[in-house]
Structure formats: C-alpha cells, structure tokens
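Here is a short report on a ligand site and on enclosed space. Look over the model first, then read on.

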Amino acid sequence: MTAAEESGGADGRRGALARSLDEVRARIDAAARAAGRDPGEVTLLAVTKTWPAADVAHLVDLGLSEFGENKEQEGAAKAAELAALRPAAAVRWRVVGRLQRNKARNLARWAAGVDSVDSARLADALDHAVGNAIDAGERRDPLSVLVQVSLDDAVGRGGASIADVPELADRVAQSEHLSLDGVMAVAPQHADAAAAFATFAELAARVRAAHPGATTLSAGMSGDLEAAIEHGSTCVRVGTALLGAR
Ligand SMILES: *Cc1c(COP(=O)(O)O)cnc(C)c1O
C-alpha cells in the first residue's frame, strides 16, 4: 500500500469502501422510499467476516458503528484489533452465525448482541455467561438477542422452526441478562425470497405483540435487501456488497 492509499486516497481501499457504502446506502434509501418507509428505520449492519480489522477501521471512519461476525473467535480477535486501531470509537459487535454453547463465555466479553439464538439451551448458556461477565466486571449491559427463525426448516443453516419461536422468545425475554430485541432470518436459498420475508414479517408481528420491545426485524443481505425492506426489515446485514466477494 502506498502512503496515499493508506491515508484513504480515492484509489485505495478506503476509497473503494466509501464508494460501495454510498451504493449500499442508496439501495437502502431507494427500497425504503419505494415501500413508503423512512430510510432512517433501516440499520446497516456491516458483516465483516473474513475481512481485516483495518477494513472495519475504515468503515468506522466512514460513519458505521455496527458490525457483524459469524464466528466467535474471529470476532473476538477483530474486536480487540479494532479497539487498538480506534480506541475512541463506540462500536457494537454482533454475532450473526451459528454459535456453540461453549463459546458463550468468551463472547460475553466483547459482543453487544447475538442475532442467531435458536434454542433454549443456547439462550440459557448466554444468559449464564453474560451474568458471569457482569460479575467479573467484563461488561455492564445485558446481551441484545434476536431469535433466529428458519423459514424453510433447512438443516444446518440454523434457526428455530416457526412453531417454536414464540416460546423461545418468551424464554429470552424472561432471562435476567438477555434483552429480547427482535427476530432474524436468512431467506431460503431455493425459494421465493419475497414470500419468505412476508411469512417472517407476520411472525415478527406476533413476537412484537407479546414483547413490545422486540422491534428489530433483521432480514436482507447483499442480494435481497430490497425485498426484505419491502417487507419491513429494520436491519440489513451486508457483507459482499460493501467489502467485496469473500
Ligand atoms: C455472511 C452473512 C451475511 C452477509 O451476507 P452477504 O451476502 O455477503 O451480504 C448476512 N447474514 C449472515 C447470517 C451471514 O452469515
């Protein structure tokens, strides 16, 4: 990298990220307006898995503050590196991928939230781990939790079945150190995304009726954020369209 690139010249990585961020924001804006919604209702969660902390630092400088990782270990390392690169930045990290219960204790040290809670056992492990982290002075806030829904019951991609979501949401809401903030879904690979997002929006409304604070509807990625926003998404999780192909 030349010095000009390092400092964020138009041809450097910083410039490329600035351009793709502009494009993603324009897509969010257009989709929200087309749906008669306020673009300000849609949060952009930058999914930085496989990309270095230096890229996260650029995105912080460009105004982003919410980042997603799909692996606990990679996220922990990156969060520590970013804290060294940008000590004053107030960033929030979320885990968006499948999570093993034995990662809960370490996750509680660095993550603000988990978007992929799909079982009571995982919720209980996180609650316990966050309680321990608070007791140890390693964090102050409860963990923000989204219940992940499987819209096609595909094995291996995670998510609770639709029928199990209300009970799991109740359990998270009753957990002392977890905050039930909403629901998350990944559109099925071989089905109509719009139909899946419509089903998801209905389920989200049911959860919200029981838990008024559960307002986050996390849906939409690089390839389908328009359809998700049309169906009420309040958080799009974007990796490729921002940072490039992994
Ligand atoms: C990787 C990932 C994303 C981002 O996907 P892109 O298609 O790269 O935008 C979103 N959500 C989850 C759960 C992911 O694992």
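## Ligand shell

A residue counts as near a molecule if one of its heavy atoms lies within 4 Å of it. By that rule, the residues around the ligand are Val-47, Lys-49, Val-96, Met-221, Ser-222, Arg-237, Val-238, Gly-239, Thr-240 and Arg-246. Four of the shell residues are nonpolar, three are polar and three are charged. Here Ala, Val, Leu, Ile, Met, Phe, Trp, Tyr, Cys and Pro are nonpolar, Asp, Glu, Lys and Arg are charged, and the others, Gly among them, are polar.

This is a predicted model: local features need pLDDT of at least 70, side-chain atom pairs count only at pLDDT 80 or more, and totals for chains, interfaces and linings use all residues. Residues are numbered from 1 along each chain as its sequence is written, and side-chain values use heavy atoms, with hydrogens and water left out.

## Contacts and cover

Which side chains have a polar atom 2.5 Å from an oxygen atom of the ligand? Ser-222 does, through an N or O atom. For Thr-240 the distance from a polar side-chain atom to a ligand oxygen is 2.6 Å. For Arg-246 it is 2.8 Å. A polar contact is a pair of N or O atoms within 3.5 Å.

On its own, the ligand has 390 Å² of accessible area (Shrake-Rupley method, 1.4 Å probe). The protein covers 87% of that area.

## Lining of the cavity

Gln-148, Val-149, Ser-150, Leu-151, Asp-152, Arg-157, Gly-158 and Val-186 line the largest cavity (a set of points on a 1 Å grid where a 1.4 Å probe fits but cannot get out; lining residues have an atom within 4 Å of a point). Three of these lining residues are nonpolar, three polar and two charged.

Technical notes. Polar contact = N/O pair within 3.5 Å; in protein donor to acceptor, adjacent residues only side chain to side chain. 1 Å grid on protein atoms, 1.4 Å probe; cavity = no way out; pocket = protein on both sides within 12 Å on 5 of 7 lines; lining within 4 Å.
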